[in-house]
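The exercises below ask the reader to work from the coordinates, and each is followed by a solution that goes step by step.

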Amino acid sequence: MNSVPYLAALSALMALGLAAYYYKLVEKASPGSERMVFLMTEIQKGAKAFLRKEYQWVAVFVVVLAVLLAIVIAPLAAVSYVLGAVLSAGAGYAGMTVATMANARTTEAAKSGPAAALPVAFRGGAVMGFSVAGLALLGLMFTYLLFVVWLEVDDAFNIVTAFGLGASSIALFSRVGGGIYTKAADVGADLVGKVEAGIPEDDPRNPATIADNVGDNVGDVAGMGADLFESYAGSIIAPISLTAFSFGLVASQNGDDGVVQLLVFPMAIAFVGMIASIIGSFFVKGGNSTDSHALSRALHMGTNVAMAITVVATVGVSYWLFGGDLYDQPWGLGVSVIGGLVVGWGLGKCAEYYTSDQYGPVKKIAKQSETGPATTVLSGVSTGMVSVAASVALILIGVGVAYWGGEQTLGDGGGIYGIAVAAIGMLATTGVVVSVDAYGPIADNAGGIAEMAELDPSVREVTDALDSLGNTTAAIAKGFAVGSAALTALALFKSFEFAIADADPGSALNLNIGEVDVFIGLFIGAGLPFLFAALTIDAVGRAANQMIEEVRRQFREIPGLREGKPGVIPDSARCVAISTEASLKEMIIPGSLAVVVPLVTGFISVDALGGLLAGALVTGFALAIFMANAGGAWDNAKKYIEAGHHGGKGSDPHKAAVVGDTVGDPFKDTSGPAMNILLKVMTIVSLVFASAFV
């Protein structure tokens, strides 16, 4: 039993070994012609330059918060916090590096059809997936072993929780900064290029095309990787901190032995999930068809195999840790984990239904585009809102099953622990889920390179088929992340309640909404996600405005650029610089909001902070689902029209769909994905600083 953290660390090392193996496979593939290599290098240079600048800016925030932790909590908490931040940043950088290598190689492979292209894009994504999962689990296990097992320091679990705060800090700024960058470039490229100038997407004449392709990597690869790193680490930390902060209660019922089981169970699930993900990744093989159903089956085979293995292994782990004389019904916690896994899968399928062009909602939006942009936007908004209802129902089923499972094994009071481990169930197969998600931006970049290198249209057909599927896989991964955020935040919230009581036995968190401070906090929390979304959408709008003016200027002032005269090339570097400067400046206020508001509220009233966390959790979850699914639906409605439906490219319905997609871009790639991080950052900040508040 004491070997579980070591086994989890070993599985993390195996995941990192697999990431290195896939890196070598991608590196061996041909990057294509000299022009393709040039484009790949330009995208890579832009992405690396942005990440270096972003991390320099974020480092200032990390240092300030580390000093605050060292003074208010403990110097070792600052060490753990910095470790979480560094590993999260490292995972994002590694994944982005290989994604910008894999794009041209996917384009070259697409010349031989989807059977050759899909595995290259997936392996590029798998480097990201297994780097994220491996570094998160390895870092967390090292922190746990060092402070809890080897050194046995005071407040060890507060120090372990600070690791999650470090990961959250990087995730928040990476998601917001990367999201602003990618959407400023995307909106500028689409509105001036496709709508005003009437040139195709990713046309080499468009000055914003390189910046757009850079943005896919810094937002959808590095940003998404940091997001899932934080989600995965947070899902493991939540039940550990819950056990630790309610230690007295558990120990009095079951003795020290029962506490050890509760502490290591999340690690055991992470271990089996990692092994299952490694095995599942080898089941992804491309078929010869460009049909999205066939491609989807091929891509999701790895996830499905990993989930099946995890389900079987979870039952075994439950009996191993909680069977014998300890508990009469050890299967209960297995049910909680499996319930989380199934609900995560259900949220993914729900996202797929509302965002894939194979189903009614996207086809309805495409149909509505025949009557102009207004009806396109209205149809997308209603689709996103309807998807919230289905997602909320799934989460409630998951919470109910997980709570019931926890009660079956642990008795009264065990339901919250069941909910906490259900979040691990959702993210147990993070390695393969992120691999499938990171595949999307690589396929998108591959299409851009095919267009800019002026390859045969058949190559673009293959990359477009891969890219359309990528929008859906991104929505599915966001469903997993947001669902786990809801469950993890609930468990961390309960830990916060215990931590308040631990820090001051005379204090107890009051959540009675009849009390004025709780009521005020509730409304502040309910409004905060809307303010956060508004700030990030406004940031995209301002940055995109600069991009639009620059693209218009170049078309106006560079003779022969719009006409595509030989030897006339756009100034892409200027567009990359605009996106970089604007996104870094714009990310500071919304990013700081998540840390400053709970700290200020907590020092005024912990009851108000409790209300704030409850309000933010409910509205933030709903808003995140709405924005992610509405944005994904608009994007695929546009692609559905570009495939030849409702008039095809260049038609009035296509122009209306581009407007809808432009509205949806900051929804699905900036504000929506950052929302789940906002929820967890606020909760984990509250938990880490709980002792200081009282």
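**Exercise 1.** Are Phe61 and Phe173 buried or exposed? Work out, too, how the two rings are arranged and which parts of the chain they connect.

*Solution.* The model is a predicted one, and the starting point is accessibility: Phe61 is buried, and Phe173 is likewise buried, where buried stands for a relative accessible area under 20%. The next step is the ring geometry, for which the centres of Phe61 and Phe173 are 4.9 Å apart and the planes make an angle of 65°. As planes over 60 degrees apart count as edge-to-face, the pair of Phe61 and Phe173 is given that label. The last step is to place the rings in the chain: Phe61 belongs to helix α2 and Phe173 to helix α5, so the pair ties together parts that are 112 residues apart in sequence. This pair is one of 15 aromatic pairs in the structure, and elsewhere ring pairs link Tyr21, Tyr22 and Phe282 into a cluster.

**Exercise 2.** Determine where confidence in the protein chain is highest and where it is lowest, and decide how residues 248–255 should be read.

*Solution.* Begin with the chain as a whole, which averages a pLDDT of 91, with 97% of the residues scoring at least 70. Going on to the helices, confidence is highest in α1 (residues 4–28), at a mean of 97, and lowest in α7 (residues 247–281), where the mean is 78. Over residues 248–255 pLDDT stays under 50, and for these residues the model has six contacts beyond four places in sequence. Where pLDDT is low, the predicted coordinates should not be read in detail.

**Exercise 3.** Describe the linings of the largest pocket and the second largest pocket by residue class and by the helices that supply them.

*Solution.* Take the largest pocket first: its volume is about 670 Å³, and 26 residues line it, with Arg460, Glu461, Asp464, Ala465 and Ala643 nearest its centre. Sorted by class, this lining holds 14 charged, seven nonpolar and five polar residues. Helices α13 (430–452), α14 (457–503) and α18 (606–642) each supply at least two of the lining residues, and the largest share, seven residues, comes from α14.

Turn then to the second largest pocket, which has a volume of about 460 Å³ and a lining of 22 residues, of which Arg35, Pro204, Val568, Ile569 and Pro570 lie nearest its centre. In this lining there are 12 nonpolar residues, five polar and five charged. At least two residues each are supplied by α2 (34–72), α6 (209–245) and α16 (572–586), with α2 giving the largest share, four residues.

**Exercise 4.** Which loop holds Glu152, what is notable about the phi of this residue, and how does Asp155 fit in?

*Solution.* The background comes first: most residues other than glycine have a negative phi. Glu152, which is not a glycine, nevertheless has a positive phi near 50°, and Asp155 also has a positive value, of about 55°. To locate them, note that Glu152 sits in the loop between α4 (114–150) and α5 (156–197), and that Asp155 lies in the loop between α4 and α5 as well. Finally, check accessibility: Glu152 has a relative accessibility of 60% and therefore counts as exposed, while Asp155, at 53%, is exposed too.

Technical notes. Residues are numbered from 1 along each chain as its sequence is written. This is a predicted model: local features need pLDDT of at least 70, side-chain atom pairs count only at pLDDT 80 or more; totals for chains, interfaces and linings use all residues. Side-chain values use heavy atoms; hydrogens and water are left out. pLDDT is the predictor's confidence in each residue, from 0 to 100. Contact means heavy atoms within 4.5 Å. On a 1 Å grid over the protein atoms alone, a cavity is a set of points where a 1.4 Å probe fits but cannot get out, and a pocket is an open set with protein on both sides within 12 Å along at least five of seven lines; lining residues have an atom within 4 Å of a point. Grid points are joined across faces, edges and corners, and a volume is the space filled by probe spheres set on the points. Ala, Val, Leu, Ile, Met, Phe, Trp, Tyr, Cys and Pro count as nonpolar, Asp, Glu, Lys and Arg as charged, and the others, Gly among them, as polar. Buried means under 20% relative accessible area, exposed over 50%, partly exposed in between (1.4 Å probe, protein chains only). Rings of Phe, Tyr and Trp (its six-membered ring) pair if their centres lie within 6.5 Å; planes under 30 degrees apart count as stacked, over 60 as edge-to-face and the rest as tilted.
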